[in-house]
Amino acid sequence: MLYFRAVIDLRARLSAESAPLAVTAHTVTCAAGRGRAALARALAERKSGLRENDLVQYPLPCWIGRVDGIEDAPLPRAWTHWESRNHRLAWMALNTDGFRERALSAIERYGASRVALILGTSTSSIGETERAYRTLDADGRFTAAQRARSVHEPHALGAFVQQALGVSGPCFTIATACSSSAKVFASAQRLLRAGFADAAIVGGVDTLCGSVLYGFNALELVSPEPCRPFDADRRGLSLGEAAGFALLENGQVDTSAPRLVGCGESADAYHMSAPHPQGLGAERALREALTRAGLRAQDVDYINLHGTASRQNDEVEAALIARMFPATTFASSTKGWTGHTLGAAGITEACVALLAIERGFAPGTLNARALDPACGPQIRIDNAQRDVRVALSNSFGFGGNNCCLAFAAGDA
């Protein structure tokens, strides 16, 4: 009898934890466009944001997804002590699609202490720290302008956005490589279900810097041409930068808004940078997201794949999708548009999944010409107009930090 009570209690707890949250606002700024409409247009027109590397301080022969205008958009005077490329991009995204106004409205409704802020990043403002080391003074110290300790800390992004929005609820940074800003959704869901907050602002920001470009180049993962996810002759990834945010509230606040219906996470720790050969950790995250959402594989209309265009990642993910989902499922990687935005990949591609639901549109896989034989019929090259009621977004990070998000359309 005690066993059955425990099982019932566990099911009730999982059901409460997985209750849908409304995504009442979201925005993304990346190389393919600033804001939802610009990104949707680029996806529809199959117009990539990738360009040949024009960062003169990092002369690598590769292609990058660089956001235009950051260099000409300094922070407002009140925030100059936070000056960095990462924070400029964060501020740019906050002020796109009316997101900052929506966030401030939620903060006013719930109270500053009842709104959580959870952000993902893999490098934070390390680009500014690199610049500080390149401009040391005569004594070998940071210049006076670079001695703001808070800018050079791993939590710099969270602290900056917290002050910029005036929130005082739970605030933390997640840094699990490429899954960072996907896992923020799962953490927010837990915080809200546990009663620590009534709403959550989630997101992620990562910008191009030497540590990223040279680090991935040292791993021989950077392509000398625009990345071609799932292509039989893919040559590696194209690095990019992006910033995005989403506002999560109780599902009853706006029943027409798309829902976060499930999250799945795993940490298989198979290898520092390579995925598990059979994709066991990724599969566990996928299955957990479906279970928590109360969905079957055949219920999924669109999957935004991690699809970095690296040899191992794509092969493992393609095999996983082929064995888990029916042929009618539409799956693709959108990194041919944006580049791999690292810690911001989760929020960027979650926004793509939300756009697919909102616009009835599934983007294909840009730059792919002939798919790898490991790909099943689910992975598509061409775009398609189709009704998307349920969309998944995969984010798989170094060290086996995997996350899958499940979104569903709201009530018509």
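Where is the place of Asp 387? I began my entries with this residue, keeping in mind that I am reading a predicted model. I found Asp 387 in the loop between β14 (384-385) and β15 (390-397).

**Entry: Asp 387**

I looked up its accessibility next, and Asp 387 counts as exposed because its relative accessibility is 56%, where exposed begins over 50%. I also noted a residue distant in sequence: Ala 356 is 31 residues away from Asp 387 along the chain, and the C-alpha atoms of the two are separated by 8.4 Å.

**Entry: strand β15 and its partners**

From that loop I moved on to β15, which I found mostly covered, with eight of its eight residues buried. I sorted its side chains by direction and wrote down Val 390, Leu 392, Asn 394 and Phe 396 as pointing one way, with Ala 391, Ser 393, Ser 395 and Gly 397 pointing the other way, and all of them are buried.

I then asked which strands pair with β15. Strand β11 (residues 302-304) pairs with β15 in the parallel sense over three bridges, and within this pairing I found Tyr 302 opposite Ala 391. Strand β16 (residues 401-408) runs antiparallel to β15 and is joined to it by eight bridges, and here I recorded Cys 404 of β16 as the bridge partner of Asn 394. The hairpin of β15 and β16 has three residues between the strands, and in it Gly 399 takes a positive phi near 75°.

**Entry: the nonpolar cores**

I looked for the largest nonpolar core and found that it has 48 residues, with Leu 39, Phe 185, Val 202, Leu 248, Tyr 302, Leu 405 and Phe 407 as those having the most contacts inside it. Helix α12 (residues 345-359) supplies the largest share of this core, namely nine residues. I noted also a second, separate core of 34 residues, which includes Val 67, Ala 106, Ala 159 and Ile 201.

For Leu 39 I listed the neighbours, leaving out residues up to four places away in sequence, and these are Val 28, Cys 30, Ala 32, Gly 33, Val 352 and Leu 355.

**Entry: α7 against α12**

How far apart are the axes of α7 and α12, and at what angle do the helices pack? I read an axis distance of 4 Å and an angle of about 70° for helix α7 (residues 180-193) and α12. The two helices are therefore roughly perpendicular to each other, as angles of 65 to 115 degrees are counted. On the α7 side I wrote down Ser 181, Ala 182 and Phe 185, which meet Ala 345, Gly 346, Ile 347 and Ala 350 in α12. Sorted by class, this contact has five nonpolar and two polar residues, and no charged ones.

**Entry: helix α6**

I turned to helix α6 (residues 156-165), which is mostly covered, since eight of its ten residues are buried. The buried ones are Ala 156, Leu 157, Gly 158, Ala 159, Phe 160, Val 161, Ala 164 and Leu 165. I traced what these buried residues pack against, and they meet the helices α3 (85-94) and α4 (99-110) as well as the strands β5 (115-120), β6 (171-174), β7 (199-206) and β9 (242-250). Just after α6, I noted Gly 166 with a positive phi of about 75°.

**Entry: positive phi outside glycine**

I picked out Phe 230, a residue other than glycine with a positive phi near 65°. Phe 230 lies in the loop between α8 (210-218) and β8, and is it buried or exposed? I found Phe 230 buried, with a relative accessible area of 0%.

Asn 367 is not a glycine either, yet I read a positive phi of about 80° for it. The loop between β13 (361-362) and β14 holds Asn 367, and this residue counts as partly exposed at 24% relative accessibility.

**Entry: a three-stranded sheet**

My last look was at an open sheet of three strands with the order β3-β4-β8 and mixed pairing. The edges are β3 (51-52) and β8 (239-240), each of which has a single partner strand, so one side of each is left without a neighbour in the sheet. Strand β4 (residues 63-65) runs parallel to β8 and is joined to it by two bridges, and I found Ile 64 standing opposite Leu 239 in β8.

How values were computed: Residues are numbered from 1 along each chain as its sequence is written. Side-chain values use heavy atoms; hydrogens and water are left out. Two strands pair if DSSP finds at least two bridges between them. A nonpolar core is a set of buried Ala, Val, Leu, Ile, Met, Phe, Trp, Tyr and Cys residues joined through side-chain atoms within 4.5 Å. Buried means under 20% relative accessible area, exposed over 50%, partly exposed in between (1.4 Å probe, protein chains only). Contact means heavy atoms within 4.5 Å. Axes are lines fitted to C-alpha atoms, for helices over the stretch in contact, and angles run from 0 to 180 degrees between N-to-C directions. Angles under 35 degrees count as roughly parallel, over 145 as roughly antiparallel, 65 to 115 as roughly perpendicular and the rest as oblique. Ala, Val, Leu, Ile, Met, Phe, Trp, Tyr, Cys and Pro count as nonpolar, Asp, Glu, Lys and Arg as charged, and the others, Gly among them, as polar.
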